[in-house]
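Please work through the following exercises with the sequence and the model in view. Each task is followed by a solution in steps.

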Amino acid sequence: MLAEAQRLERLVSDLMDLARLGAQDFPLDLVPIDLVDLVRRASDVWRDRCARESVELRLELPGSPVTVTTDPTRVRQILDGLAENALRVTPSGQPLVFALTAAPAGVVLQVRDGGPGLTDADVAVAFERSALYDRYRGERRVGTGIGLALVDGLTRRLGGHAEAGPAPEGGAAFTIRLPREPSYEARTLR
Ligand SMILES: Nc1ncnc2c1ncn2[C@@H]1O[C@H](COP(=O)(O)OP(=O)(O)O)[C@@H](O)[C@H]1O
Ligand SMILES: [Mg+2]
């Protein structure tokens, strides 16, 4: 009962975020943060969740801080949404990976898994609301079908770009590219 109430609460807040993103009514709280630290903090929570499913969470992080100006709550929402999806389909014994790399123009955050992966047709529609959810609802464990559309909308709002593809671990890789600083448009949109 509690799980169902939490699921509904989450569904409503995800839908509201998605609607506000579509209506360009989505203020950001931009601050300079170290993404290495953000990923480490997230991994403290996800390592336990993974361990309960006998999935090993691996981190691939640079040795020095990666400072960007962004909205940390929204980056965490993106990472959590991708990790939730990946863990749900990853069989025990397979890995889940959080990887962060820094480039001069921006940063790349990846969530990769050793799950069933995505077909080329899946990749083409991955960020359309309910597309993969509808395709897999009888076949894989699914949630509410909003997560990836929200990941894409949030990433764009932060001035970045989201991509889906294959992972070297055998499953799916979701790649989030973020700028070091959001553009003028991203900063001034209210
Ligand atoms: N890492 C992944 N590997 C395989 N399938 C995935 C992965 N991430 C998402 N999917 C598929 O995409 C669907 C849609 O994801 P999402 O939009 O987050 O909705 P939800 O998680 O609520 O089902 C999932 O139900 C699942 O079938
Ligand atoms: Mg989801």
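In these exercises, buried means under 20% relative accessible area, exposed means over 50%, and partly exposed lies in between (1.4 Å probe, protein chains only). The model is predicted: local features need pLDDT of at least 70, side-chain atom pairs count only at pLDDT 80 or more, and totals for chains, interfaces and linings use all residues. Residues are numbered from 1 along each chain as its sequence is written, chains are lettered from A and ligands numbered from 1 in the order in which they are written, and side-chain values use heavy atoms, with hydrogens and water left out.

**Exercise 1. Salt bridges within a helix**

Task: Determine which residue forms a salt bridge with Asp-37, and how accessible each partner is.

Step 1. A salt bridge is a side-chain nitrogen of Lys or Arg within 4 Å of a carboxyl oxygen of Asp or Glu. The structure holds 15 of them.

Step 2. The partner of Asp-37 is Arg-41, with the closest N and O atoms 2.9 Å apart.

Step 3. Both residues belong to helix H2 (residues 35-52), where a spacing of four residues separates them by about one helical turn. Helices (H or I, at least four residues) and strands (E, at least two) are DSSP runs, numbered from the N terminus.

Step 4. Arg-41 is exposed at 53% relative accessibility, whereas Asp-37 is partly exposed at 34%.

Step 5. Helix H3 (residues 72-89) offers a second case, in which Arg-76 and Asp-80 are four residues apart, about one helical turn. Their closest N and O atoms are 3.0 Å apart. Arg-76 is partly exposed at 23%, and Asp-80 is partly exposed at 21%.

**Exercise 2. A salt bridge between helices**

Task: Establish which parts of the chain the salt bridge of Arg-135 and Asp-122 ties together.

Step 1. The two side chains meet at 2.5 Å, N to O.

Step 2. Arg-135 lies in helix H5 (residues 131-136) and Asp-122 in helix H4 (residues 120-125), so the pair ties together parts 13 residues apart in sequence.

Step 3. Asp-122 is buried, at 0% relative accessibility, while Arg-135 is partly exposed at 40%.

Step 4. Salt bridges also link Arg-10, Asp-14 and Glu-84 in a network.

**Exercise 3. The packing of H2 and H3**

Task: Describe how the axes of H2 and H3 cross and what kinds of residue form the contact.

Step 1. The axes come within 11 Å and cross at roughly 35 degrees. Axes are lines fitted to C-alpha atoms, for helices over the stretch in contact, and angles run from 0 to 180 degrees between N-to-C directions.

Step 2. Contact means heavy atoms within 4.5 Å. Among the residues that make it are Leu-38, Arg-41 and Trp-46 of H2, and Arg-76, Asp-80 and Glu-84 of H3.

Step 3. The contact residues divide into twelve nonpolar, no polar and five charged. Here Ala, Val, Leu, Ile, Met, Phe, Trp, Tyr, Cys and Pro count as nonpolar, Asp, Glu, Lys and Arg as charged, and the others, Gly among them, as polar.

**Exercise 4. Strand S7 and its neighbours**

Task: Explain why strand S7 is largely enclosed, and identify the strands joined to S7.

Step 1. Seven of the eight residues of S7 (residues 172-179) are buried, so the rest of the structure largely encloses this strand.

Step 2. Strand S5 (residues 106-113) runs antiparallel to S7 and is joined to it by seven bridges; Leu-109 has Ile-176 of S7 as its bridge partner.

Step 3. Strand S6 (residues 161-166) is also antiparallel to S7, with six bridges, and Ala-164 stands opposite Phe-174 in S7. Two strands pair if DSSP finds at least two bridges between them.

Step 4. The hairpin of S6 and S7 has five residues between the strands, and Gly-170 in this hairpin takes a positive phi near 105 degrees.
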